[in-house]
Amino acid sequence: MGRYSYDDMPPEGYRDRKKGSGRMTAAIASIGVLLTLIAIIIYLLFTPHENKADENIALAESVTVTPVEPEIIEAKAAAVPEIAEKEIEETDDSAVSIPSYEKASDEYQALEYTKHVVSEGETLQSVAESYGLLDTTIVSYNKLSGTELKPGTVLSIPPVDGTLCTVVDGETLSSIAEVYNPELSAPDLAALNGKPYTAVYPGEEIFVPAPGTLKSTMSYLFDSPIENGRVIARFGELVEGEPLKGIVIASDPGTAVRAAGDGIVIDIFSHPVFGRSITLLHDDGYSTDYYSLEYIAVKVSQKVEKGDVIGTIGTSSELFQEPAVVFSVEQHSVSLDPMNITEF
């Protein structure tokens, strides 16, 4: 028997209706999906909303930016220390200037020193005498701790008497000159020590020539008051426990004592130690004294010329074993060494 009986047979057109119903359902489902997509698109297109980018843009537009001054940069610039003048290396006179210092004087040149090797039998005094210096100058310049010299020792010999100074904090060339040699200015002292400027720094060593030891283009030169005299005591040596402020010149009794330069007699007196004496006043603040005279040939206020006889050598002082005259020079009341400004 077949699958269907007569009674079981589907009605006419049943299968066709079933097929049509399936197509309808699929079409409705497709339309629904399409409508859903359209609804989503419409929502996205027309519904107002803000995304992150919009939010960031709106936030940026709403913030007011206030510029900040670059204080840190300015602070660093202000904190840069000034370069110390002593750290500037002079390479070009036109490019480097040190307004707080003076240039070295053109009147003097740097002092030149001599090397001396001590030989057997030499003493400090014999070395000093061979160079016409005081032993104290050699001790000072070479920083000797005593007066004994060992053979082979190398000494630096200054050309003139003076003192080696070590600069301490706060000192200047002017203050050093005022103490050790008022004749010299700071520029003079700079030139003598080979310095281009007057600047000095703690620990620096400066040699200061003693008063009256230098000859410059401005120096006033005197003639020896005694022709062919012998110097038997030098400036600074102790006489009666006091440093000699001149030199002692010995000669034969009765030898003429002459004016060392043009001037005027301003005083005739008896010195408590050296006896009969004369003082002459010269130009440029110089004065000369002649002590231990036997005879005086001038009067106060008398004008004299260089070479005029003003007295004779004698023995009015008992300090010396032979006839001698003490000859001293001052400038503006500062004692000078006659050996350095007098032609003998």
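**Nonpolar cores, helix 6 and enclosed spaces in the predicted model**

The largest nonpolar core comprises 22 residues, among which Val257, Ile278, Leu280, Tyr290 and Ile310 make the most contacts inside the core. At least two residues of this core are supplied by each of strand 9 (247-250), strand 12 (275-281), strand 13 (286-291), strand 16 (309-313) and strand 17 (324-331), and strand 17 gives the most, contributing three residues. The structure under discussion is a predicted model. When residues up to four places away in sequence are set aside, Leu280 touches Ala259, Ile264, Val265, Tyr286, Ser287, Thr288, Tyr290, Val304 and Ile310. A second core, separate from that one, contains 21 residues and includes Ala186, Ala190, Ala191 and Val200. In soluble globular proteins, nonpolar side chains tend to be buried together.

Helix 6, which spans residues 173-180, has Leu173, Ile176 and Ala177 as buried residues. Viewed down the axis of helix 6, the buried residues fall within an arc of 100 degrees, and they therefore line one face of the helix. The exposed residues Glu178 and Val179 are carried on the face of helix 6 that is turned away from its buried side. The packing partners of the buried residues of helix 6 are strand 3 (162-166), helix 7 (186-192) and strand 4 (205-209).

A further buried position is provided by Thr137, which is found in helix 5 and which counts as buried because its relative accessibility is 2%, against a cut-off of under 20%. Although Thr137 and Gly162 are 25 residues apart in sequence, their C-alpha atoms are 5.6 Å apart in space. Gly162 is also one of the residues touched by Thr137, the others being Pro158, Val160, Asp161 and Phe207, with residues up to four places away in sequence not counted.

The largest pocket holds about 540 Å³ of space and is lined by 28 residues, of which Leu134, Thr136, Phe235, Gly236 and Glu237 lie nearest its centre. Several elements, namely helix 4 (124-130), helix 5 (135-142), strand 3, helix 6, strand 4 and strand 6 (230-233), each supply at least two residues of the lining of this pocket. Helix 6 thus contributes to the lining of the largest pocket, while its buried residues pack against strand 3 and strand 4, both of which are likewise among the elements that supply the lining. By class, the lining of the largest pocket consists of 15 nonpolar, seven polar and six charged residues.

As to enclosed space, the structure holds one cavity of 30 Å³ or more, and the volume of the largest cavity is about 30 Å³. Gly132, Leu134, Asp161, Arg234, Phe235, Asp337 and Met339 line the largest cavity, a set that divides by class into three nonpolar, one polar and three charged residues. Leu134 and Phe235, which belong to the lining of the largest cavity, also appear among the residues that lie nearest the centre of the largest pocket, and Asp161, another residue of the cavity lining, is in contact with Thr137.

Definitions and conventions. Residues are numbered from 1 along each chain as its sequence is written. This is a predicted model: local features need pLDDT of at least 70, side-chain atom pairs count only at pLDDT 80 or more; totals for chains, interfaces and linings use all residues. Side-chain values use heavy atoms; hydrogens and water are left out. A nonpolar core is a set of buried Ala, Val, Leu, Ile, Met, Phe, Trp, Tyr and Cys residues joined through side-chain atoms within 4.5 Å. Buried means under 20% relative accessible area, exposed over 50%, partly exposed in between (1.4 Å probe, protein chains only). Helices (H or I, at least four residues) and strands (E, at least two) are DSSP runs, numbered from the N terminus. Contact means heavy atoms within 4.5 Å. The arc is that of the directions from the helix axis to the C-beta atoms. On a 1 Å grid over the protein atoms alone, a cavity is a set of points where a 1.4 Å probe fits but cannot get out, and a pocket is an open set with protein on both sides within 12 Å along at least five of seven lines; lining residues have an atom within 4 Å of a point. Grid points are joined across faces, edges and corners, and a volume is the space filled by probe spheres set on the points. Ala, Val, Leu, Ile, Met, Phe, Trp, Tyr, Cys and Pro count as nonpolar, Asp, Glu, Lys and Arg as charged, and the others, Gly among them, as polar.
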